[in-house]
Amino acid sequence: MSENFIDIKNISRHFGSVKAVDNVSFSIKQGEFFSLLGPSGCGKTTLLRLLAGFESANQGEIFIDGMDVTTMPPNLRPTNMVFQNYAIFPHINVKKNIEFGMRKEKLSKQELDDRVQEVLSLVKLEGYEERFSNQLSGGQRQRIALARALIKRPKVLLLDEPLGALDKKLRDEMQIELRNLQKAVGITFVFVTHDQGESISMSDRVAVMNDGQIQQISDPHDLYYNPQNIFVSDFIGTTNFLSSSTGASNGEEIMVKIESIGEFSIRNKLNISENNSDTVCSIRPEAITLSPTPIEKGDITLEGKIENSSYYGELTSFYVKIDGAEKPLIASSQRFDNNSFQDNKCYLSINFEDINLLKKE
Ligand code: ATP
């Protein structure tokens, strides 16, 4: 992948006092599956529309494949957009829907037919040419919308919550198909979603947004295991936040104290200052080992009482009270369920490497 295929430099889009996109800069590589992830209203759709040319920037520049597109109209940009609500015309068949955006391209009938077959094959809907929108399932309609965007052979495909209208099972299937399709065509995908699971499972890299700004850009693994701040840690998955204070540091590691849990030395990945009483430790529920019998292994071992539990089929989340701790710890287990513990007594263990030290915001 070559660097900086899309270059976004100090881009802002304000609507009155609302800073929808606020001085954002980052790059996307060629052939990358790149997601913009964040809560409703964080500015991800506005940023996508700025890339498409449907919004104009108050400041900043956008380059795609070395070309300054900042003020270029959408139809001249090497981009195409797929929307959540498909926008398939009901009165014309699939073939005509797919051909629709090609009217101005001077292709022979044969060339156009070949291109339609090519994209229908990509979205695995060969033979559906004559169908109308009401004869297609939601997933098939979305594939037609993809085919219609792909037939123009854009350098960048912009996708605005394209799976949002599908039910969970179909959505899961389409996630895999979309990822396979992206690999097959090698086009750069910029994908907007508010669903953290979706972005993590599909993307090469994810930009987490909040309040018009980028909080972190990382690959999915790093985003989950090395969040840069409390917002990202909280937005991606479930975690335990425990108030903590720091002591002395030797550069690599720092002393941390969590009330009723312990005092220990852990890696200081984010260079948090020494003797700082305003810090938080984040520990994922699956990083806490839970057992009905005492645990020998583990850097920190604790005893607790199960206060509550939620069963999710593949795992159970337990809310465990530790004497003196500020709130119950959430620990998840695939192995044990509610009946595994006598008098709700349980034992926990945590490894230092699973504790992320963050600054309070
Ligand atoms: P969602 O997931 O709900 O679609 P989003 O992250 O895509 O949210 P945007 O649609 O980009 O968010 O909106 C960002 C902010 O800009 C919001 O506060 C929104 O109300 C505001 N906004 C977006 N478009 C306009 C507009 N045309 N006029 C005024 N405000 C707007």
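Ala, Val, Leu, Ile, Met, Phe, Trp, Tyr, Cys and Pro count here as nonpolar, Asp, Glu, Lys and Arg as charged, and the others, Gly among them, as polar. Keep that in mind for the pocket exercises below. The model is a predicted one.

**Exercise 1. The six-stranded sheet**

Task: Work out in which order the strands of the six-stranded open sheet lie, and which strands stand at its edges.

Solution:
- Step 1. Going across the open sheet, the six strands follow the order 6-7-8-3-9-10, and their pairing is mixed.
- Step 2. Strand 6 (79-82) and strand 10 (213-218) are the edge strands; each has a single partner strand, so one side of each is left without a neighbour in the sheet.
- Step 3. On average, neighbouring strands of this sheet are turned by 20 degrees against each other, direction ignored.

**Exercise 2. From one edge to the helices**

Task: Start at strand 6, find how it pairs with strand 7, and then find which strands helix 4 and helix 5 touch.

Solution:
- Step 1. Four bridges link strand 6 to strand 7 (residues 156-160), in the parallel sense.
- Step 2. Look at valine 82: leucine 159 in strand 7 stands opposite.
- Step 3. Helix 4 (residues 138-150) packs on the sheet and touches strand 6 and strand 7. The direction of helix 4 makes about 170 degrees with that of strand 6.
- Step 4. Helix 5 (residues 168-185) also packs on the sheet, where it touches strand 3 (33-37), strand 7 and strand 8 (188-193). Between the directions of helix 5 and strand 8 the angle is about 155 degrees.

**Exercise 3. The largest pocket**

Task: Find the volume of the largest pocket, then say which element gives the largest share of its lining and how the lining divides by class.

Solution:
- Step 1. The volume of the largest pocket is about 800 Å³.
- Step 2. The lining has 26 residues, and the closest to the pocket centre are Asn75, Thr79, Asn80, Gly101 and Lys152.
- Step 3. Both strand 6 and helix 4 supply at least two residues of this lining. The largest share, four residues, comes from strand 6.
- Step 4. Sorted by class, the lining of the largest pocket holds 15 nonpolar, four polar and seven charged residues.

**Exercise 4. The second largest pocket**

Task: Repeat the analysis for the second largest pocket, asking which elements each supply at least two lining residues.

Solution:
- Step 1. This pocket holds about 480 Å³ of space.
- Step 2. Of its 15 lining residues, Tyr224, Gly237, Thr238, Glu286 and Leu315 are the closest to the centre.
- Step 3. Helix 6 (196-202), strand 17 (316-321) and strand 18 (329-333) each give at least two residues to the lining.
- Step 4. By class, the lining of the second largest pocket has six nonpolar, six polar and three charged residues.

**Exercise 5. An enclosed space**

Task: List the residues that line the largest cavity and sort them by class.

Solution:
- Step 1. The largest cavity contains about 30 Å³ of space.
- Step 2. Its lining is made of Ile11, Leu50, Glu55, Ser56, Ala57, Ile62, Thr70 and Arg77.
- Step 3. Four of these lining residues are nonpolar, two are polar and two are charged.

**Exercise 6. The five-stranded sheet**

Task: Name the edge strands of the five-stranded sheet and find the bridge partner of threonine 246.

Solution:
- Step 1. Five strands make an open sheet in the order 13-12-11-14-20, with antiparallel pairing.
- Step 2. Strand 13 (262-267) and strand 20 (356-359) are at the edges, each pairing on one side only.
- Step 3. Here the turn between neighbouring strands is 45 degrees on average, direction ignored.
- Step 4. Strand 11 (residues 240-249) and strand 12 (residues 253-258) pair in the antiparallel sense over three bridges. Threonine 246 has valine 256, in strand 12, as its bridge partner.

**Exercise 7. Two residues and their surroundings**

Task: Locate lysine 95 and tyrosine 128, and find which residues each one contacts, leaving aside neighbours within four places in sequence.

Solution:
- Step 1. Lysine 95 is part of helix 2 (residues 94-99).
- Step 2. Its contacts are Asp113, Val116 and Glu129, neighbours within four places in sequence left aside. With aspartate 113, the side chain of lysine 95 makes a polar contact of 2.9 Å.
- Step 3. Tyrosine 128 sits in the loop between helix 3 (109-122) and helix 4.
- Step 4. Leaving aside neighbours within four places in sequence, tyrosine 128 is in contact with Val94, Leu136 and Gln140.

Note on methods
Residues numbered from 1 in each chain as written. Predicted model: local features only at pLDDT ≥ 70, side-chain atom pairs only at ≥ 80, totals over all residues. Heavy atoms only, no water. Pairing = 2+ DSSP bridges. Axes fitted to C-alpha atoms, helices over the stretch in contact; angles between N-to-C directions. Contact = heavy atoms within 4.5 Å. Polar contact = N/O pair within 3.5 Å; in protein donor to acceptor, adjacent residues only side chain to side chain. 1 Å grid on protein atoms, 1.4 Å probe; cavity = no way out; pocket = protein on both sides within 12 Å on 5 of 7 lines; lining within 4 Å. Points joined across faces, edges and corners; volume = space filled by probe spheres on them.
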